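Colleague: Got a minute to walk me through this model? I'm new to reading structures, so keep it plain.

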Amino acid sequence: MLSLASIVLSVGAALPLATANALSGALHRDVVVIGGGAAGAYAAVRLRDDFNKSIALIEKQDILGGMVDTYVDQKTGATFDFGVQTFLNVSGAKAFFDRFNVSVGSYSSSASLITEYIDFNTGAEVDFEVPSITAQIVAIAQFLTVIEPWESMLQPGYWNFPDPSNIPDDLLIPFGEFLTKYGLEDGAPIIYSTTGLGVGNMSEVATMFALQSFGWDMARALTGQLGLFTPTSGGNQALYNAIATDLGDDVLYSSTVLKSRRTNSGVSLTVRNHKTGQLTPIIARRLLVAIEPTEDNTSPLDLSPSEQNTLAKFTYSNEFAGLVDNAVFNTNYTYFNLPSTAAPNHTLIFQEEPMVASFEYTGLDHLFRVMVIGNTTSTADEAKALAQTNFNTLLKTGHLSSPQDQKLSWAAFSTHGPMHARVSVDEVKSGFYQDLYKLQGARSTWWTGGAFSVNFQTKLWEFNEGLIPKILEGL
Ligand SMILES: Cc1cc2nc3c(=O)[nH]c(=O)nc-3n(C[C@H](O)[C@H](O)[C@H](O)COP(=O)(O)OP(=O)(O)OC[C@H]3O[C@@H](n4cnc5c(N)ncnc54)[C@H](O)[C@@H]3O)c2cc1C
C-alpha cells in the first residue's frame, strides 16, 4: 500500500515547478469529491463519517444540494420545492435523513389542479382526453411486470449491462414503439408528466433511456408498492443544509478544479475559489467525480484520449426550473403543453425539445412552477426567452385573465444544466457501457451521478453504496 507521502511525491514530481512549490500548503485527503449534489454530498458523508476517511468536497455553488431547489417565501417562511419534489423510499433512504434529524413525512402532490392542455406554440386548446387515473395505474402495473426482468441491467448502475449481443431488443427500440408493442399506451401520460419528460419527446428516445427517466421504482411508487417522502419542514434543502453543517470546513464552496493530474497512485488538483480567487492545492489518494461528465466539467480533469473519446459520446437534455409570479394565471390551474395532434386521445404524442413543459400552480399566492426541457445546447437565457414567448402566446390567445402583453416575473430560476445523459443505439450496441465502466477506478478516479447511474436522488445513494467499497479498496 502506498503512503500519503509517497503519493505526494509521485504526483507532485510530475507537476510544473510553481504548482509543486505551492503543494507545501496543500490539503492532503484520502478522497476528494467534486460536486456537492445528491451523489457527492452523500458519498462525502459516508466516506468521512462512517468509514473514517479524510475528504474534501469541491462545490461550485455556495450551498450543497445541486438540483434541490427550495424556494422560501420571505413574508411567511413557507417553502416550495420547485426542483426536486420527493424522495423514493428505497433502502436506507429514510435512515439517511434520520441521522441528520431531518424529519420526513409521506409526499402528497400539491392541491388537485385543473389541467388545461394547450399547444404552447400556437395557443390552441388541445381537446385531449387523458385516460382515467385507474386506467393509467393499471397500465403502470403491467408496465412494471414487463420491465422487471431488465432492472439489474440498468440499476442502480450499468455494472451488469449485457454485452452487445445479449442486449434485449426491447431496450433499444423507441419508447413509443415499446409502449405500443405491449399495449401500455394508457400509462404514457403519467410516465411523461411525472419524470419522463426530462428526456424531452420520450416516445422517440430508446426505451432504456426512457426507463432511466422513470423506471422501476417510480412504477412501484405509483402503484403503491414503494413510498415517496419529503422533509416535514424546511423543504428538501433541509437535508443538504444539515449535511453542510456536518461537513463544515471539509467543503470548499464556490470552487471548481482549475487543473489536475491523475495517476494510478493518486490525484493532485488545484482548486480555485471563484469569489476570492484563492487557489487550494489538494493531494488525494482517490478522486470521486460527482458532476455530469460534460466537456466543460471534465476539461480541467486531465482526461486521457480514451476517457475523452468515451465521455464525448454522451448527449444531454438541459433542464431548467423556476417560479413565476404573474397574477394573470388562474390559480388552481396547470397549463400543460401538448401538440394539437395529441387530441383526442393520442397518448404518445409530445412536444419536441426545447419546450416549456408546463406552468403549474404552487399553492402559494400567484406563484407558478415552470419547467423547461432544452436540447443539448439550450442556455438559461434561451429557456427564459422561450417561456416568455409561450406566455405571450397564452396571453394573446385568451387563456389568461388579461390579453395585455407583460413580462414574466421570475421569483426563482435554476439552471440544472445537462442531465439525462444518453448515447445513440449504435453506440450502445458497440459496447459503450462496457467502455464507460472501464473508467471506474482507472487513474485513481471513480465516477457517480446520473450519467453513470440514474437521475433519482436516493437511487444515486444506492449506487454509491455499491461504489464506496470499491473506492475504499486498498485505502
Ligand atoms: C426539475 C427537477 C426535478 C427533479 N425531481 C426529482 C425528484 O422529485 N426526486 C428525485 O429523486 N430526483 C429528482 N430529480 C433528479 C435529481 O435531482 C438528480 O438525479 C440528482 O440531483 C443528480 O444528482 P448529482 O449529484 O448527480 O447531480 P446534482 O444534484 O446536479 O449535483 C451536482 C453538484 O455539483 C455541482 N457542480 C456542477 N459542476 C461543478 C464543477 N465543475 N465543479 C464543482 N461542482 C460542480 C453543482 O453545483 C451541484 O451541487 C429532479 C431533477 C430536476 C432537474
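Modeller: Sure. One definition to begin: buried means under 20% relative accessible area, exposed means over 50%, and partly exposed is in between, with a 1.4 Å probe and only protein chains as cover. This is a predicted model, so local features need pLDDT of at least 70 and side-chain atom pairs count only at pLDDT 80 or more, while totals for chains, interfaces and linings use all residues. Residues are numbered from 1 along each chain as its sequence is written, and side-chain values use heavy atoms, with hydrogens and water left out.

Colleague: OK, try me on Ile133. Buried or exposed?

Modeller: Ile133 is exposed, because its relative accessible area is 53% and the cut-off is over 50%. Ile133 sits in helix H5, residues 133-147. Helices here are DSSP runs of H or I with at least four residues, strands are runs of E with at least two, and both are numbered from the N terminus.

Colleague: And how far is Ile133 from Gly187?

Modeller: Their C-alpha atoms are separated by 9.2 Å. Along the chain, Ile133 and Gly187 are 54 residues apart.

Colleague: Now Thr207. Where is it?

Modeller: In helix H9, residues 207-213. Thr207 has 0% relative accessibility, so it counts as buried.

Colleague: What does Thr207 touch?

Modeller: Leaving out residues up to four places away in sequence, Thr207 touches Asp170, Leu171, Ile173, Pro174, Phe175 and Phe178. Touching, or contact, means heavy atoms within 4.5 Å. There is a polar contact as well: the Thr207 side chain reaches the backbone oxygen of Ile173 at 2.7 Å. A polar contact is a pair of N or O atoms within 3.5 Å; within protein, one must be able to donate a hydrogen and the other to accept it, and residues adjacent in sequence count only if both atoms are side-chain atoms.

Colleague: Let's switch to the ligand. Which residues come nearest?

Modeller: Ala39, Glu59, Gln85, Thr86 and Gln457, out of 32 residues around the ligand. A residue is near a molecule if one of its heavy atoms lies within 4 Å of it.

Colleague: Which polar atoms meet the ligand?

Modeller: A polar side-chain atom of Glu59 lies 2.6 Å from a ligand oxygen. The side chain of Gln61 also has an N or O atom 2.9 Å from an oxygen of the ligand. Lys60 uses its backbone instead, with an N or O atom 3.2 Å from a ligand nitrogen.

Colleague: How much of the ligand does the protein cover?

Modeller: The protein covers 90% of the 990 Å² of accessible area that the ligand has on its own. That area comes from the Shrake-Rupley method with a 1.4 Å probe.

Colleague: Which elements supply the shell?

Modeller: Helix H3 (38-50), strand E10 (255-263), strand E16 (367-374), strand E17 (410-422) and helix H17 (457-472) each give at least two residues. The shell has 12 nonpolar, 16 polar and 4 charged residues. Ala, Val, Leu, Ile, Met, Phe, Trp, Tyr, Cys and Pro count as nonpolar, Asp, Glu, Lys and Arg as charged, and the others, Gly among them, as polar.

Colleague: What about the largest nonpolar core?

Modeller: That core has 131 residues, and Phe143, Met208, Ile243, Phe314 and Tyr433 touch the most other members. H3 gives the most to this core, with 8 residues. Apart from it lies another core of 20 residues, among them Phe120, Val328, Val356 and Phe391. A nonpolar core is a set of buried Ala, Val, Leu, Ile, Met, Phe, Trp, Tyr and Cys residues joined through side-chain atoms within 4.5 Å. In soluble globular proteins, nonpolar side chains tend to be buried together.

Colleague: What does Phe143 contact?

Modeller: Beyond its neighbours within four places in sequence, its contacts include Phe175, Leu211, Gly215 and Ala219.

Colleague: How many residues of helix H10 are buried?

Modeller: 7 of its 8 residues, which run from 215 to 222. Trp216 and Arg220 are among the buried ones.

Colleague: Any odd backbone spots?

Modeller: Most residues other than glycine have a negative phi, and most peptide bonds are trans. Asn52 is not a glycine, yet its phi is positive, about 60°. Asn52 is exposed, at 70% relative accessibility. Ser444 also has a positive phi, near 60°, but Ser444 is buried, with a relative accessible area of 5%.

Colleague: And where are cis bonds?

Modeller: One joins Ala343 and Pro344, with omega about -5°. Another joins Glu353 and Pro354, with omega about 5°. Pro344 lies in the loop between strand E14 (333-337) and strand E15 (355-361), and Pro354 lies in the loop between E14 and E15 too.
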